[in-house]
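I set out to record a few local features of this structure, one entry at a time. The entries follow the order in which I looked them up.

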Amino acid sequence: MTATPVSLRGIGLLAVLLLWGIGGQAVAQSTGSEPASINVQGVPLGQALEQAAASAGISLVYDFALVEGHRASCTARNVAPAALLRCLLEEHPIDYVRTSEGTYVLQTAVRRPPRRGQLTGSVRGGKSGRPLVGAHVRLPDAQQFAGAVTDSAGRFRLTGLVPGPHTVVISRLGYARHEATVRVPPGGAARHEATLAPAPIVADSVVIDADRYGSSSAQGGEDRVSAAQLRQPVGAGPPDVLDRASTLLGLTTSAPYANLHIQGGDAGDHRFYLDGVPVRNPTSAGQLLGAFSPLALDGLTARKAGFGVLGGNALSGTIHLRHDLSGRKSRYGTVRVTPRSVEGRFRGTASLGTVPVTVMMAARTSVWDVYQEAGLHDLIDRWSTLDPVLAAARTPADTSLAGGHLGARAQPSAGFYDLHGAAQFDLGPAEEVYVSAYHGGSHLGADLVLGRNVGGRFSAAAGTEASLGGVVDTSAFALPTHDEFSWANTAAQARYEAPVTSRTTGTLQASVSHYRGETQSEVGPLRQDSPSDDYTSTVAAARRAAYKQEGMNSISEVDLEGRLDVAFSTRGGLALTATATYQSSRFRIGNAFAPRLRHRGKSVRLATAAETTVGIGPHATLEGGIRLTGLPSQARLFAEPRGRFRYNRSLGALGTVGLQVKGGLYRQFTTQFELRRDGATAVVPTTHVWLPVSSSMTPSRVYHFAADLTWRPGAHWQVDLEGYRKWQPHLLAVDYPALRNTPSRLGDTPGASRILGSSQGDAYGGGLHVTYDGPSLMGALRYEYSRAHRTFPGRFDGRSTPVPWVKPHHLTLSAEVPLGEGVALEAQGEGVWGRTWGYRRAYYAYLTPADLEEAWDRIRLDRPGTHVLSPLYRLDTGLSMTQSWGGVEVKGRIGIANVLDRRNTADWALEPHRNGTVSRWARTLPGRRATISVRIRY
């Protein structure tokens, strides 16, 4: 039995020789044997053999039937004829022998199992560069069916492929078809990266914009700011992550400390993530100084009302950032200089043994010690003066504080820094380890000198606005004070991703984060040049007004999460997650109105979520899921069902349209609240506190219903329209009256509930965003309407009151006009109408009718919704210039913020007088100022 194959091979060889002798094909009759070269890709094997024989000058004999139907791919330079033949025949069941005369004769190779290979890769969208989910990858010329669908990271894997060249076809609705040829090596893996160009299909079929209408496991229902946009300034100021976030529909910031709000939600109602790690208080003093270097980040993604169960636990939405490992347009690095900071970024690739590694590092630091940017200096200066009404309220028996402003303006201080690092290890086909870390911090402070005001211009009639000014007589006495707010944030994570099957991807991530924030006020020694009994009571009152205050909050969190993403088809999939979270928190707060409180708490949470996507007909998709969160301390399980319906269709000549209707139940298991400082010398008016939900608390609960419509009538236009409604039956908020009556020390976790109370409310609104992106003009118009009401524990007689952070009517206009090669003119305008809570927030938190006496009936701090501020108008302009020399790109920008120099009112402060009357004066936002920045990319 074993001799039969040999005998047959011998007979075959004899037949070939006979055919050669009587006219069978012989390829080249030369007997030379010289080094030769060849470069063929996917050509018929017979043609390739002829070319090889001619190039090497050899005699080659074979049977036509042996090579029929085979194709060859080979690239070889200056190799021996035998090596040339091995290259051409490597992927085919054909071998060769060489006769004594030097003739090469082809024969059937001994059969053995083929060494099959695999193909991996990723698919991205050309316009945004984002991974495309649900792209269909096919190999139409494979001997067996071979196909896959990209997962949530845009990756795919095909296994068991016959070695050799294969045609890869990648398609995705809303994108142009991609086709390429790849060569799969025997027993190895080939990798193919594809970028699909956007190409709406004008036909009676589904047209989906993957950046907005992806599968449930990825982009669906998200709004995004790209990395390029993130690195561009908003208005005339330097680039800032949270300022850029506020350009998205439904996201706003409030002046002057600009806490971010999502669709009527409070600043504590959303969660902030960097590489999937929660980050607290992402900016110092509420966006005065950004917490992240934009050069380190790969865009920003916002999930708003109606986000899916995979988005986690949050009341209003989530903000996601990811470190940028791409090369972008820089080969090595980028450096940027602005009036507030110097920042740099480096990216490189290397190999750790056989493992390719991509590394990114970025750093940023403030330049306050070198140059004090005028806008920031002016803002700190204006908002760190001592407030006489709050000071007098803390010392009610003392009337010496009336009749003048006690705060003498002094030197502000500021500083910030952040460090970023990330590395990606490609362990194998579609298998990677991604690690990253971030550390940042900042501080704001002001050194003040308290004295007796002997000539202040506060004589305006009661109820009218007067300008801040005054002459402080420091020759009598000087009482220096220092107020400072500082924070530090650290976050790190490691994530392992690998394909489980050709349609399933698994992810395991471990992360840790830590935040610590501190506020403090200190009083220095009294300096008295001309002692006088007349000033004795004023000095004592001033000491009490600047009484040492303190505040501290730290929270640590450890998370372990596993995830599976299964793609059934281009329009169907399933995602499963399981998470374990440990949190510990402690805070220490105190001021003249509230006793010094200390508290420690900890919490363990277990959560799981499942979300599935099902296609309904050619144009509709239904998504649904449920999130389950368990609190072992309460022995309770909380369910959050959520769902979404999407409809996408081409309208022919009218463009494409996409509609989403979504909603569900949302809870939050980490309570964030802002404790108002007394404001007497506070450079930052609030202390942020994060507190895990304890066994004595019920987590906040909110219901969402939202809808949005996207219409793209043409290549340059896009219209977005959205609306939302939120029912808030249970929220947690600070009970200020209870806070003033709380014992000076809180014990274990249950005690924290003594300073928090339950409230309820609702929010609704909508917006319109129209953008135009043409060759000679890029512009946008956005209008938003927002209303939100809540009850505030212990205040306003339990009435539902408008919240202070919404902008009822908000209009923005922006335009960029190219003026020539590398030169562009930019402009942005803003208008806000209907802002309420016109007075300082600390007034509403702490002042009572006894503090203002007769003035209370006129000011009515118990009705903040009636205190409507004047409209806010702002116009910023800028001129940018970009030039390149020898691979180095330099971009400069000159801007003017608030070019009309409008003194927009941020809020009102009160000034008491000795006759018992109280007048009002406006605290304004910074006026006109110039900015400049330079970015070098090489």
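Entry 1, strand pairing. In this predicted model, I looked up strand β7, residues 117-125, and found that five bridges join β7 to β10 in an antiparallel arrangement. I noted that Thr120 stands opposite Arg157 in β10.

Entry 2, the sheet. I then traced the sheet and read an open arrangement of three strands in the order β10-β7-β13, with mixed pairing. Strands β10 (155-161) and β13 (189-196) each have a single partner strand, so one side of each is left without a neighbour in the sheet. On average, I recorded a turn of 20 degrees between neighbouring strands of this sheet, direction ignored.

Entry 3, Leu248. I located Leu248 in the loop between α6 (241-245) and β15 (251-253). Is Leu248 buried or exposed? I entered it as buried because its relative accessible area is 9%, under the 20% cut-off. Leaving out residues up to four places away in sequence, Leu248 touches Asp223, Arg224, Val225, Leu300, Ala302 and Arg782. I also noted that Leu248 and Ile262, 14 residues apart in sequence, are 9.8 Å apart from C-alpha to C-alpha.

Entry 4, nonpolar cores. The largest nonpolar core holds 50 residues, and I listed Tyr839, Tyr843, Leu847, Leu852, Ile859, Leu861 and Leu910 as those touching the most other members. Helix α11 (residues 841-846) supplies the largest share of this core, five residues. Beyond four places in sequence, I found Leu847 touching residues that include Val389, Leu390, Ala393 and Trp856. Apart from this core I recorded another, of 35 residues, with Phe272, Val279, Leu300 and Ala414 among them.

Technical notes. Residues are numbered from 1 along each chain as its sequence is written. This is a predicted model: local features need pLDDT of at least 70, side-chain atom pairs count only at pLDDT 80 or more; totals for chains, interfaces and linings use all residues. Side-chain values use heavy atoms; hydrogens and water are left out. Two strands pair if DSSP finds at least two bridges between them. Helices (H or I, at least four residues) and strands (E, at least two) are DSSP runs, numbered from the N terminus. Axes are lines fitted to C-alpha atoms, for helices over the stretch in contact, and angles run from 0 to 180 degrees between N-to-C directions. A nonpolar core is a set of buried Ala, Val, Leu, Ile, Met, Phe, Trp, Tyr and Cys residues joined through side-chain atoms within 4.5 Å. Buried means under 20% relative accessible area, exposed over 50%, partly exposed in between (1.4 Å probe, protein chains only). Contact means heavy atoms within 4.5 Å.
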